[in-house]
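Reader: I am new to this structure. Please take me closely through one part of it, the sheet that involves both chains, and show me how that part fits with the rest.

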2 protein chains.
Amino acid sequence: MDEFALIRRHFASLTPASTRGVTLGIGDDAAILKPPPGHELLMTTDTLVAGRHFPLQTAAFDIGWKSLAVNLSDLAAMGAEPLWCLLALTLPTADEAWLSGFTAGLSQLAAQHRVALVGGDTTRGPLSITITAVGAAPVGAALRRSGARPGDHVCVTGTLGDAALALMRGGFIAGGAADARSPCAQRLIDDAELRARLDRPIPRLAAGLALRGLAHAALDLSDGLAGDLQHVLAASGVGAEIDAASLPMSAAFARQAPDADRLALQAAGGDDYELCVCLPESALAAATAACRDAGVTLTVIGRITAEPGLRWRAASGEAITMNLSGYQHFHD
Amino acid sequence: MDEFALIRRHFASLTPASTRGVTLGIGDDAAILKPPPGHELLMTTDTLVAGRHFPLQTAAFDIGWKSLAVNLSDLAAMGAEPLWCLLALTLPTADEAWLSGFTAGLSQLAAQHRVALVGGDTTRGPLSITITAVGAAPVGAALRRSGARPGDHVCVTGTLGDAALALMRGGFIAGGAADARSPCAQRLIDDAELRARLDRPIPRLAAGLALRGLAHAALDLSDGLAGDLQHVLAASGVGAEIDAASLPMSAAFARQAPDADRLALQAAGGDDYELCVCLPESALAAATAACRDAGVTLTVIGRITAEPGLRWRAASGEAITMNLSGYQHFHD
């Protein structure tokens with residue numbers, strides 16, 4: 001099968017997830033797209049490299065899902081509504097079963113958010129996926145990293161550290177539901193839950209939309225809170241004090257994470273794909289309610305300060321020294 | 001140096017090539033962009049993999065140039081004016097000298113066409129570059145593959161086969177101008193000229209713009225005329241008859257290409273990045289003049305027919321059987 005037949009067969013099915021603004025989708029030299037009037041466009045691109053951004057044994061479905069999810073997470077952090085995506089797929093071989101799984105995963109997430117796949121390129125090489133995602137927000141409404149002000153609450157959606165714990169444990173319970181009566185049922189359920197956080201992150205799009213007009217600043221957590229939050233602080237010219245004990249954790253994380261590793265996993269493990277937002281006191285109640293309506297918790301973890309730098313405090317109030325700065329692609 | 005410092009240092013310099021419609025460039029979760037009113041957007045993405053889309057010894061400058069050029073060539077074929085691009089760069093190591101060269105090449109072409117780099121991602125892995133390019137055209141004005149009609153002239157810009165000949169010869173004269181008095185001066189000049197066609201293709205953007213309102217159909221030639229033209233024929237529901245002897249060749253190609261390889265190189269060698277357009281008789285003179293003004297020749301190479309299929313004829317009028325279907329990424 002040649003390149004073109006391959007693209008047609010596996011990706012044509014993705015196009016109808018949405019036709020919003022799509023004058024011409026896949027199949028020409030470029031897609032023709034009509035941006036929504038009165039809106040700005042938000043554009044982002046992210047690459048997943050096999051063995052670096054996902055374990056080599058990750059299921060094709062999950063790779064497809066995650067490739068889109070990490071890009072939609074960036075749009076969520078801007079408070080954008082997603083519209084379109086383009087896929088550049090580099091594959092060692094044109095494996096039909098793998099392509100079907102990959103397409104199904106990408107498709108399912110695209111359909112959930114009415115994202116249309118409007119363009120692509122398929123090349124042979126070491127497995128790597130680059131997606132460019134495009135969203136829209138009314139002019140001036142997009143959330144940025146640069147608006148945090150002293151006194152703002154620092155908040156995160158959902159829970160932190162689950163994906164990092166899954167990666168640390170390295171165990172993946174393949175297929176089959178755990179028998180709730182067996183003694184190790186809870187362990188199996190925990191593993192599957194943690195692994196899902198690693199393999200199928202949920203982009204917080206509804207929360208991002210709901211936080212427009214409320215949050216002063218936002219970004220998504222991909223490399224770990226300790227490193228990512230620094231970008232907000234630098235862009236806003238402020239500092240922050242974070243209460244380490246307040247970092248939200250899932251029940252599975254609480255049961256299984258080794259005590260000695262908890263803070264490192266939650267603050268620097270990465271792959272959380274939660275939103276970190278800075279909110280004035282006056283907007284906190286509304287933002288918490290809006291996130292609840294969007295199906296995700298919002299937890300206060302600290303405060304923005306005029307004094308620069310990121311400071312961590314234990315529950316006792318004591319300062320904690322952290323040598324964690326998030327996942328650095330050229331630093332490992 | 002960490003990922004972020006690396007991105008900042010090497011790519012920040014690219015942003016000011018243009019600020020058209022750029023509300024917020026590199027440095028947040030997504031770029032914020034304002035599409036020009038009354039226009040549609042054209043979007044395309046293309047990946048270059050080391051050793052597959054360019055020889056491993058290609059200079060970093062040329063890789064940067066070519067990565068953008070192949071994407072701008074797609075926009076040219078749609079008759080779009082380029083606006084923005086996003087870069088996903090996968091690198092085995094954070095080599096500063098390489099990055100400087102790459103950035104300089106990308107930068108130089110971006111500046112020529114006022115393209116702003118508005119987003120990016122840098123990851124570690126086998127060398128591969130994915131660029132997503134965005135352009136604009138007035139609503140309804142974009143050129144497509146689907147409008148060719150029986151009787152249309154099939155035309156190509158520039159010359160065909162130069163890049164393929166450079167690749168076949170494999171020799172690259174590194175640095176230094178040829179001494180015009182030396183006996184092999186012409187050979188050196190030819191090599192450099194052919195190699196430039198391979199390494200620094202010129203996207204035919206001005207020609208694409210000039211052909212809006214004149215051409216019935218257009219596409220860019222990346223995999224070779226024989227394969228690429230099939231896409232126009234399929235999309236338009238027509239056939240074509242091509243005069244093999246009319247394919248335009250450069251003086252360097254005419255001097256150096258072995259007779260036995262000429263047609264294969266010109267029709268299926270690939271990497272031409274010229275435009276192939278279908279023009280009604282009534283528009284031919286205007287299109288030829290418009291291309292001349294845009295700095296490139298336009299050559300008639302055949303006719304669109306109602307009868308489906310692509311047929312090749314020799315200068316004698318005899319049919320030529322071609323087993324060339326262009327470069328297939330999963331077929332080699």
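Author: Start with the two copies. In this predicted model, a turn of 180° and a shift of 0.0 Å along the axis lay chain A on chain B, with an RMSD of 0.0 Å. The two copies are thus related as by a two-fold rotation axis. The same surface serves both: 100% of the contact residues of chain A recur in chain B.

Now the sheet. It is open and has six strands. Their order is β1(A)-β2(A)-β3(B)-β6(B)-β4(B)-β5(B), and the pairing is mixed. Read that order again: it begins with strands of chain A and goes on with strands of chain B. At the edges stand β1 (22-24) of chain A and β5 (116-124) of chain B. Each has a single partner strand, so one side of each is left without a neighbour in the sheet. From one strand to the next, the twist averages 20°.

Next, the place where the chains meet within the sheet. Strands of a sheet pair through backbone hydrogen bonds, either parallel or antiparallel. Here β2 (residues 31-33) of chain A and β3 (residues 39-49) of chain B run antiparallel. Three bridges join them. In one of these pairings, A:Leu33 has B:Leu41 in β3(B) as its bridge partner.

Move further into chain B. Strand β4 (residues 81-91) of chain B pairs with strand β6 (residues 128-138) of chain B. The sense is antiparallel, over nine bridges. B:Leu86, for instance, has B:Thr132 in β6(B) as its bridge partner.

Step back to the whole contact between the chains. It takes 54 residues from chain A and 54 residues from chain B. On the side of chain A that touches chain B, strand β3 (residues 39-49) of chain A gives the largest share, nine residues. That side divides into 24 nonpolar, 16 polar and 14 charged residues.

Last, the confidence. The predictor gives the complex an ipTM of 0.89 and a pTM of 0.91. Chain A averages a pLDDT of 89, and 88% of its residues score at least 70. Two stretches of chain A need care. Over residues 172-180 of chain A, pLDDT stays under 50, and the model has nine contacts beyond four places in sequence for them. Over residues 326-332 of chain A, pLDDT also stays under 50. For that stretch the model has 24 contacts beyond four places in sequence.

Notes: Residues are numbered from 1 along each chain as its sequence is written. Chains are lettered from A and ligands numbered from 1 in the order in which they are written. This is a predicted model: local features need pLDDT of at least 70, side-chain atom pairs count only at pLDDT 80 or more; totals for chains, interfaces and linings use all residues. pLDDT is the predictor's confidence in each residue, from 0 to 100. Two residues are in contact if their C-beta atoms, placed from the backbone, lie within 7 Å. Copies are superposed by least squares on the C-alpha atoms of residues with pLDDT of at least 70 in both. Two strands pair if DSSP finds at least two bridges between them. Helices (H or I, at least four residues) and strands (E, at least two) are DSSP runs, numbered from the N terminus. Axes are lines fitted to C-alpha atoms, for helices over the stretch in contact, and angles run from 0 to 180 degrees between N-to-C directions. Ala, Val, Leu, Ile, Met, Phe, Trp, Tyr, Cys and Pro count as nonpolar, Asp, Glu, Lys and Arg as charged, and the others, Gly among them, as polar.
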